[in-house]
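Please open the model in a viewer and keep the sequence panel at hand. The stops below are meant to be followed in order, with a selection at each.

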Amino acid sequence: MLEIDHISFAYDDVPIINDVSFSIDKGEIICLLGPSGCGKTTLLRLIAGLETHFEGDIRLNGGSLKNMSVHEREFGFMFQDFALFPHMSVAENAGFGLKMRQYQKSQISERVDDMLQLVGLEDFGSRDVNELSGGEKQRVALARSLAPNPKLLMLDEPLGSLDAALRRRLMLEIRQIIKTIGLTSIYVTHDQEEAFTVADRIVLLNAGQVEQIDAPIQLYKKPKTRFAAQFLGLQSNIITITGDNGEEMKAALSEIRLLFPEVQSLLIHPAGIQLHQQDETLAFTGMVKDCSFRGATYRIVLEVEPTLELVFEIPSFSAPIADMGERLKVYVIKDALVPLLQN
């Protein structure tokens with residue numbers, strides 16, 4: 001439905017977006033994920049038409065958007081700060097876009113009722129928006145963005161101003177609502193949990209370039225680069241495999257080296273480390289340097305060698321863990337050994 005074709009953009013001769021390409025299918029939710037300053041919001045603004053004078057092309061259903069105004073694109077927007085009108089009721093806010101498009105009052109009323117019911121605010125139409133909670137305000141903002149039946153919904157850090165518990169609940173609800181109506185969407189966030197929950201596919205950005213495009217589970221299980229693994233919080237288990245050119249080879253890594261003779265960097269995925277042996281596993285023995293309770297899991301730091309520590313998590317209802325300073329044997333499933341490209 002939407003094609004981003006070799007987009008590059010600079011501000012005052014400083015490159016912000018560098019040769020970015022990807023496509024979005026109809027009804028798909030794509031998440032732009034990455035750290036602050038990576039170009040997520042700039043890319044969203046380019047697609048929306050809020051930034052111009054870029055290289056490449058953006059096509060909707062095969063037609064270029066390059067010379068099309070923001071209004072003509074008929075996209076919906078939802079932002080972090082809600083951007084609600086404080087002097088309007090919930091229903092008036094939800095119907096504002098329809099009023100600007102000069103819909104009839106009966107049409108506006110019917111559509112607003114439908115949208116408020118969709119977001120779970122069917123009894124809130126006459127409420128003052130200043131009396132609403134943060135989560136309720138965000139639902140009103142979503143209803144307003146959905147009411148004009150946009151061709152594409154664009155969400156820029158929509159949950160960034162909410163507390164963690166509310167954010168977790170709303171990220172599920174937003175996905176369910178968008179999927180219910182089958183709306184193609186681009187969702188911007190720096191939070192990987194949010195991206196994993198909401199997205200069908202994730203575009204991971206780094207310094208204005210695409211680092212990896214994948215389904216959430218594939219991005220998590222198989223990051224392709226050191227940056228991707230580090231951004232996902234897996235940096236503790238990224239190891240450098242010593243070569244065969246006379247350098248000392250760590251004994252604990254010798255079998256891995258045989259499995260990946262051409263690889264320089266490799267991730268031992270924390271989710272693939274377990275306490276019980278299965279088929280296709282490698283064994284590591286080391287000293288427990290740290291064991292911290294995290295609620296659902298224990299986080300274990302295992303010193304395999306003085307220069308090699310592995311970090312992993314196991315369910316807190318698992319078998320008892322060795323105390324700090326004790327020796328512990330763990331097993332790594334071979335599918336958890338992930339070769340990484342250098343950035």
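The tour goes from the whole chain to a sheet, then to a helix and a single proline.

**The whole chain**

Begin with everything displayed, bearing in mind that this is a predicted model. In cartoon view, the chain shows eleven helices and 18 strands. Aligned on the principal axes, the C-alpha atoms fill a box of roughly 75 × 45 × 35 Å.

Switch to a surface next. About 17,100 Å² of the chain is exposed, and carbon and sulfur atoms supply 48% of that area. Of the 343 residues, 48% count as buried. Colouring by charge brings out 33 positive and 47 negative side chains; the centres of these two sets lie 2 Å apart. If contacts between residues at least 6 apart in sequence are drawn, 66% of them join residues at least 24 apart.

**The six-stranded sheet**

Return to cartoon view and select the strands in the order β6-β7-β8-β3-β9-β10, which form an open sheet with mixed pairing. At its edges are β6 (75-79) and β10 (209-214), each of which pairs on one side only. Viewed across the strands, the twist averages 20 degrees from one strand to the next.

Now zoom in on residues 201-206, strand β9, which pairs with β10 in the antiparallel sense over five bridges. Which residue of β10 is the bridge partner of Leu 205? Select Val 210 to see that partner.

**The helix on the sheet**

Keep the sheet visible and add residues 40-48, helix α1, which packs on the sheet. The strands touched by α1 are β3 (29-33), β6, β7 (152-156), β8 (185-189) and β9. Orient the view along β7: the direction of α1 makes about 155 degrees with that of this strand.

**Pro 223 and its surroundings**

Move on to the loop between α9 (216-221) and α10 (226-231), and select Pro 223 there. Is this residue buried or exposed? Its relative accessible area is 1%, under the 20% limit, so Pro 223 counts as buried.

Show the neighbours as sticks. Leaving aside residues up to four places away in sequence, Pro 223 touches Gln 212, Gln 218, Ala 228, Ala 229, Leu 232, Leu 234, Leu 267, Val 338, Pro 339 and Leu 340. As a last selection, add His 269, 46 residues from Pro 223 along the chain; the C-alpha atoms of the two are separated by 9.7 Å.

Terms used
Residues are numbered from 1 along each chain as its sequence is written. This is a predicted model: local features need pLDDT of at least 70, side-chain atom pairs count only at pLDDT 80 or more; totals for chains, interfaces and linings use all residues. Side-chain values use heavy atoms; hydrogens and water are left out. Two strands pair if DSSP finds at least two bridges between them. Helices (H or I, at least four residues) and strands (E, at least two) are DSSP runs, numbered from the N terminus. Axes are lines fitted to C-alpha atoms, for helices over the stretch in contact, and angles run from 0 to 180 degrees between N-to-C directions. Contact means heavy atoms within 4.5 Å. Buried means under 20% relative accessible area, exposed over 50%, partly exposed in between (1.4 Å probe, protein chains only). Accessible areas come from the Shrake-Rupley method with a 1.4 Å probe; for residues, only the protein chains shown count as cover. Lys and Arg count as positive and Asp and Glu as negative; His and the chain ends are not counted. The place of a charge is taken as NZ of Lys, CZ of Arg, CG of Asp or CD of Glu.
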